[in-house]
Amino acid sequence: MGIPLVSIGIPTKNRAHLLRAALASLLGQTYPHIEYIVSDNASSDDTEVAVREAMRRDARIRYVRQTAPISGIENFSVVLRAARGAYFMWGSDDDSWEPRFVEALVGALETNPRYHAAMSHFYEQRVGGEKPLPTRLLTHDYTHKHWRELY
């Protein structure tokens, strides 16, 4: 039996300016067996260009483009239904992840069969250099702390 496949679903709409960074951090994960599913909710910006650029560098990405807008909930459902992995993770189009994030979460789940979910805390990082954009990246970092220790 091999290592479990992790499916990462990334619903998006008109977020090309942040999606590139999110994809870069997800594609940089140390865990070796991941599929990425991006559902583009009929974006009118360069989202499709950003995803296709990433697809040329990494064949693990599957791209679904909605021809007409659907609800946000339905866009989340598209990536969940397309998942083939033993584990599933939502990937936000405006977040970034530490390189060992998926590896650590899968390790926690695989060594603790009573666990049904693994989660993380995050910290906010403003993006945009000297002139911050009106958006932010949330960087996820897995720790072995119990949630009660974080608050």
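Before the exercises, a starting point: both faces of strand E2 are covered, with Ile34, Tyr36, Val38 and Asp40 buried on one side and Glu35, Ile37 and Ser39 buried on the other. Keep in mind that this is a predicted model.

**Exercise 1. Work out why strand E2 counts as largely enclosed by the rest of the structure.**

Step 1. Go through residues 34-40: seven of the seven are buried, so E2 is largely enclosed. The cut-off here is under 20% relative accessible area.

Step 2. Sort the residues by side. In a regular strand, side chains alternate between the two faces of the sheet. In E2, Ile34, Tyr36, Val38 and Asp40 share one side, while Glu35, Ile37 and Ser39 take the other.

**Exercise 2. Find the strands that pair with E2, and trace how the chain gets from one strand to the next.**

Step 1. Start with strand E1 (residues 6-12), which pairs with E2 in the parallel sense over seven bridges. One spot to check is Ile10, whose bridge partner in E2 is Val38. Between these strands the chain runs through helix H1 (residues 16-27), and this β-α-β crossover is right-handed.

Step 2. Now take strand E3 (residues 61-65): E2 and E3 pair in the parallel sense over five bridges. Here Val38 turns up again, opposite Tyr63. The chain goes from E2 to E3 by way of helix H2 (residues 47-57), in another β-α-β crossover that is right-handed.

**Exercise 3. Which residues have the most contacts inside the largest nonpolar core, and which elements build it?**

Step 1. The core has 22 residues, and Ile8 and Val102 have the most contacts inside it.

Step 2. Two or more residues each come from E1, H1, E2, H2, E3 and helix H4 (101-111). The largest share, five residues, belongs to H1.

Step 3. Look around Ile8. Leaving aside neighbours within four places in sequence, its contacts include Leu26, Met89 and Val102, plus Ile34, Glu35, Tyr36 and Ile37.

**Exercise 4. Decide how the buried residues of helix H3 are arranged around its axis.**

Step 1. List the buried residues of H3 (residues 72-82): Asn75, Val78 and Val79.

Step 2. Look down the axis: these buried residues fall within an arc of 85°, so they line one face of the helix. Helix geometry fits in here: an α-helix has 3.6 residues a turn, so residues three or four places apart point the same way.

Step 3. Check the other side, where Ile73 and Arg81 are exposed.

Step 4. Ask what the buried residues of H3 pack against: E1, E2, E3 and strand E4 (87-90).

Conventions
Residues are numbered from 1 along each chain as its sequence is written. This is a predicted model: local features need pLDDT of at least 70, side-chain atom pairs count only at pLDDT 80 or more; totals for chains, interfaces and linings use all residues. Side-chain values use heavy atoms; hydrogens and water are left out. Buried means under 20% relative accessible area, exposed over 50%, partly exposed in between (1.4 Å probe, protein chains only). Helices (H or I, at least four residues) and strands (E, at least two) are DSSP runs, numbered from the N terminus. Two strands pair if DSSP finds at least two bridges between them. A crossover is right-handed if, with the strands pointing away from the viewer, the path from the first strand over the helix to the second runs clockwise. A nonpolar core is a set of buried Ala, Val, Leu, Ile, Met, Phe, Trp, Tyr and Cys residues joined through side-chain atoms within 4.5 Å. Contact means heavy atoms within 4.5 Å. The arc is that of the directions from the helix axis to the C-beta atoms.
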